[in-house]
Amino acid sequence: MGGVNPYLKQTANGPAQQPFRVRVAGVQQPIEVAPQDLPYGRDGLPGSLLDILLHHGVEVDHACGGVVACSTCHVYVKKGGASCRRAEEAEEDMLDTAPALTPQSRLACQCVPDGSEEIEVEIPSWNRNRIREDEF
Ligand code: FES
C-alpha cells in the first residue's frame, strides 16, 4: 500500500521547487534534496519527509503506506517546520493517537517542505508499530 489517500481533499502545496537540506538527528551526513528528483517514491505525499527519508535510507515506519491511516510515521520537525505544508484535520486527528506529542510533531507522510528552509527532523526511537512482519 502507498501513495495518497483518495478520500482526502488535497489542498496542499506540492513538492519543493528549490533545493534544500534535511538533517536527521543522529545522522552525520545531511540529505541534499534536489526538487527535480521529487517525488522519489509512492509512500506519502509527493516530496514529503517520508518520501525523502525512505529514499535516502533513513528507516521510518509507515504502516499505512502514507495515507493518513496510522500514526507510525510520527516525527519531530525540530527546525524548518514553518516551511512545511500545514497539518490538515486528518493529520491532526491521526496525530492525536500518537504517543509523546509535542508542538513539533508531524506525520512524515503529510509533511511536505517547500524548500525555503533547512529541515531538522528527529525520529522517535520508539514506535507504536512495534511488531513487524519481518520479525516472524
Ligand atoms: S504512514 Fe500512516 S499516517 Fe503516515
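**Figure 1. Overview of the chain.** The chain contains two helices and five strands. The structure shown is a predicted model. Read from the N terminus, the elements follow the order β-β-α-β-α-β-β. The chain has 136 residues, of which 37% count as buried. Among contacts in the chain with a separation of 6 or more, 66% are accounted for by residues 24 or more positions apart.

**Figure 2. The five-stranded sheet.** The strands form an open sheet, arranged β2-β1-β5-β3-β4, with mixed pairing. Strands β2 (31-33) and β4 (105-107) stand at the edges; each has a single partner strand, so one side of each lacks a neighbour in the sheet. On average, neighbouring strands of this sheet are turned by 35° against each other, direction ignored. As a general principle, strands of a sheet pair through backbone hydrogen bonds, in either a parallel or an antiparallel manner.

**Figure 3. Strand β5 and its two partners.** Which strand runs parallel to β5? Strand β1 (residues 20-24) does, and three bridges join it to β5 (residues 119-122). Within this pairing, V22 stands opposite I119 of β5, and R23 has E120 as its bridge partner in β5. Strand β3 (residues 74-79) pairs with β5 in the antiparallel sense, also over three bridges. Here Y76 stands opposite E122 of β5.

**Figure 4. The two faces of strand β5.** In a regular strand, side chains alternate between the two faces of the sheet. Strand β5 shows such alternation: I119 and V121 point to one face and are buried. E120 and E122 point to the other face and are not buried.

**Figure 5. The largest nonpolar core.** In soluble globular proteins, nonpolar side chains tend to be buried together. The largest nonpolar core of this model has 30 residues. The residues with the most contacts inside this core are L49, L50, V60, V75, A108 and V121. At least two core residues are supplied by each of β1, α1, β3 and β5. Helix α1 gives the most, with five residues.

**Figure 6. The surroundings of V60.** V60 is one of the core residues with the most contacts inside the core. Which residues does V60 contact, leaving aside its neighbours within four places in sequence? They are L50, L53, L54, C73, V75, A108 and I123. Of these, L50, V75 and A108 are also listed with V60 among the core residues with the most contacts.

**Figure 7. The loop between β2 and α1.** This loop holds P39 and L45, and the helix that follows, α1, spans residues 49-55. A cis peptide bond joins L38 and P39, with omega of about -5°. Is L45 buried or exposed? L45 counts as buried because it has 27 C-beta neighbours inside 10 Å, and the threshold for a buried residue is 20 or more. L45 and P15 are 30 residues apart in sequence, and their C-alpha atoms are 8.4 Å apart in space.

**Figure 8. The loop between α1 and β3.** Both G66 and V68 lie in this loop. G66 is buried, because 28 other C-beta atoms lie within 10 Å. The C-alpha atoms of G66 and D51 are separated by 9.0 Å, and these residues are 15 residues apart along the chain. V68 also counts as buried, with 23 C-beta neighbours inside 10 Å. The backbone of V68 has a positive phi of about 60°, although V68 is not a glycine.

**Figure 9. A positive phi in the loop between α2 and β4.** Most residues other than glycine have a negative phi, and most peptide bonds are trans. A100 is not a glycine, yet has a positive phi of about 55°. This residue, A100, lies in the loop between α2 (89-95) and β4. Is A100 buried or exposed? A100 is exposed, because 9 other C-beta atoms lie within 10 Å, and a residue with 12 or fewer is classed as exposed.

Notes: Residues are numbered from 1 along each chain as its sequence is written. This is a predicted model: local features need pLDDT of at least 70, side-chain atom pairs count only at pLDDT 80 or more; totals for chains, interfaces and linings use all residues. Two strands pair if DSSP finds at least two bridges between them. Helices (H or I, at least four residues) and strands (E, at least two) are DSSP runs, numbered from the N terminus. Axes are lines fitted to C-alpha atoms, for helices over the stretch in contact, and angles run from 0 to 180 degrees between N-to-C directions. A nonpolar core is a set of buried Ala, Val, Leu, Ile, Met, Phe, Trp, Tyr and Cys residues joined through C-beta atoms within 7 Å. Two residues are in contact if their C-beta atoms, placed from the backbone, lie within 7 Å.
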